[in-house]
Amino acid sequence: MKGIGISRYGSVSQLKVIDMPTLPLQPDEVRIAIRASGVNPVDWKIREGLLQHSFAYELPLVLGWDGAGVVLEVGEKVHSLQAGDDVFFRPEIEKHGTYAEEINVPERFVSLMPKGLTYAEAASLPLVGLTVWQALVEVGNVTEGQNVLILAGSGGIGSIAIQLAKTLGARVTTTTSTRNVDFVRSLGADEVITYDQPQSHTFPHVFDFALDTLGGQHYLDAVGWMKPNGTIATIFGGPHESRPFSPVAIEKNIRIEYVFTRPDASNLHHIKRLVEMDRLKPTVTETYPMTVEGVREAHMSNQTGRTKGKIVLVRERDQEIH
């Protein structure tokens, strides 16, 4: 089995074809022929060695933890899936990833693809969809009538978060650049804060819940706009990271919860249902071939921090990775 990854940490020049043995299928696993893989910031952060404190990888390592494809084979204890099923999934980040021809994934992490989507569209959803569901529903318990703030609404996470928050009945404010105002409004944002333009007004004590995907000063701004006893879900500030200290958060008794996305088929079933109900739609803005050069270009684009929606790698049927 071939994949694309690294034998040493570093820049995109370290990306290469990795030859990996085909692992035996465990009773609770499915073997999936990968057709597309989403590209996320965690991919290049791991490539550069920025997350060595969190994950003790044994190199070489195949990158990518967002996928869609076709089930080739199922283990003897698998009951919800069968060979030939189109599926989407987020595998365990501690193991080899989805920039590959095939992968073995536990059944409990895999869902049938939403009907009507391409593999590229489906592969764009698992990591961001799970992050958003776990932040808004499990941490935030967002309900109808609440005021919700989504930082970086035009990005991969933000573009899904706006849609889910609206589905939950919230009033949504988001931040973005001036050039993306129409885009985030098309997703359902009620109000837009443009970070590259001076604001005509402030937002004191407005929001019940905020999703922070940026950290730094953006996070501190969000704290200042929260209602007392509000909740912030953030993807920054895990066991080995720190958030800026905010006395305002203490004064307001803001609950701040770190979200590190866990694989979960039951959550993906919810995402699947909402897509099929036309309440959520993936936004794939860039696609690249699943080749070493394609991965290099995808990573360089993602590292600009200007990605609108999602970047996806696509592998044609029976195409050999090179």
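Here a colleague and a modeller talk through a predicted model, asking what earns each feature its label.

Colleague: Let's start with the rings. How many aromatic pairs does the structure hold?

Modeller: There are three aromatic pairs.

Colleague: What makes Phe55 and Tyr57 a pair, and why is the pair called tilted?

Modeller: Their ring centres are 5.7 Å apart, and the cut-off for a pair is 6.5 Å. The planes meet at 35°; stacked needs under 30 degrees and edge-to-face over 60, so the pair counts as tilted.

Colleague: And why does Phe55 count as buried?

Modeller: Its relative accessibility is 10%, and buried means under 20%, so Phe55 counts as buried. Tyr57 is buried as well.

Colleague: What makes Phe55 and Phe260 a tilted pair?

Modeller: The same test applies. The centres of Phe55 and Phe260 lie 5.9 Å apart, with 40° between the planes, and a tilted pair needs centres within 6.5 Å and planes that are neither under 30 nor over 60 degrees apart.

Colleague: Why can one say that this pair ties together parts far along the chain, 205 residues apart in sequence?

Modeller: Look at where the two rings sit. Phe55 is in the loop between helix H1 (41–47) and strand S4 (61–62), while Phe260 is in the loop between strand S14 (255–258) and helix H8 (265–276), so the pair joins parts 205 residues apart in sequence.

Colleague: Why is Phe260 called partly exposed?

Modeller: Its relative accessible area is 39%. Buried would need under 20% and exposed over 50%, so Phe260 falls in between and is partly exposed. Ring pairs also link Phe55, Tyr57, Trp65 and Phe260 into a cluster.

Colleague: How do you know that Lys308 lies over the face of Phe183?

Modeller: Lys308 is 4.9 Å from the ring centre of Phe183, and the distance limit is 6 Å. Lys45 lies over the face of Trp44 in turn, at 5.8 Å from the ring centre.

Colleague: Now the interior. Which residues have the most contacts inside the largest nonpolar core?

Modeller: Leu136 and Leu211, in a core of 43 residues. Helix H3 (126–139) is one of the elements that supply at least two residues of this core, and H3 gives the most, with seven residues. Leaving aside neighbours within four places in sequence, Leu136 is in contact with residues including Val142, Leu164, Phe209 and Leu211.

Colleague: Thr131 lies in helix H3 too. Why does Thr131 count as buried?

Modeller: Thr131 has 2% relative accessibility, and the limit is under 20%, so Thr131 counts as buried.

Colleague: What makes the link between Thr131 and Thr261 a polar contact?

Modeller: Their side chains make the contact at 2.4 Å, and the limit is 3.5 Å. Not counting residues up to four places away in sequence, Thr131 touches Ile157, Ile235, Val259 and Thr261.

Colleague: On to the strands. How do you know that S9 and S12 pair?

Modeller: Three bridges join S9 to S12, where two are enough. The two strands run parallel, and Leu149 stands opposite Ala210 in S12. Five bridges join S12 to strand S13 (residues 226–234), again in parallel.

Colleague: And why do S2 and S4 stand at the edges of their sheet?

Modeller: The open sheet has the order S2-S1-S4, with antiparallel pairing. Strand S2 (16–19) and S4 each have a single partner strand, so one side of each is left without a neighbour in the sheet.

Notes
Residues numbered from 1 in each chain as written. Predicted model: local features only at pLDDT ≥ 70, side-chain atom pairs only at ≥ 80, totals over all residues. Heavy atoms only, no water. Phe/Tyr/Trp six-rings, centres within 6.5 Å; stacked < 30°, edge-to-face > 60°. Buried < 20%, exposed > 50% of the residue type's maximum accessible area, 1.4 Å probe, protein only. Helix = DSSP H or I, 4+ residues; strand = E, 2+ residues; numbered from the N terminus. Lys NZ or Arg CZ within 6 Å of the ring centre and 35° of its normal. Core = buried A, V, L, I, M, F, W, Y, C linked by side-chain atoms within 4.5 Å. Contact = heavy atoms within 4.5 Å. Polar contact = N/O pair within 3.5 Å; in protein donor to acceptor, adjacent residues only side chain to side chain.
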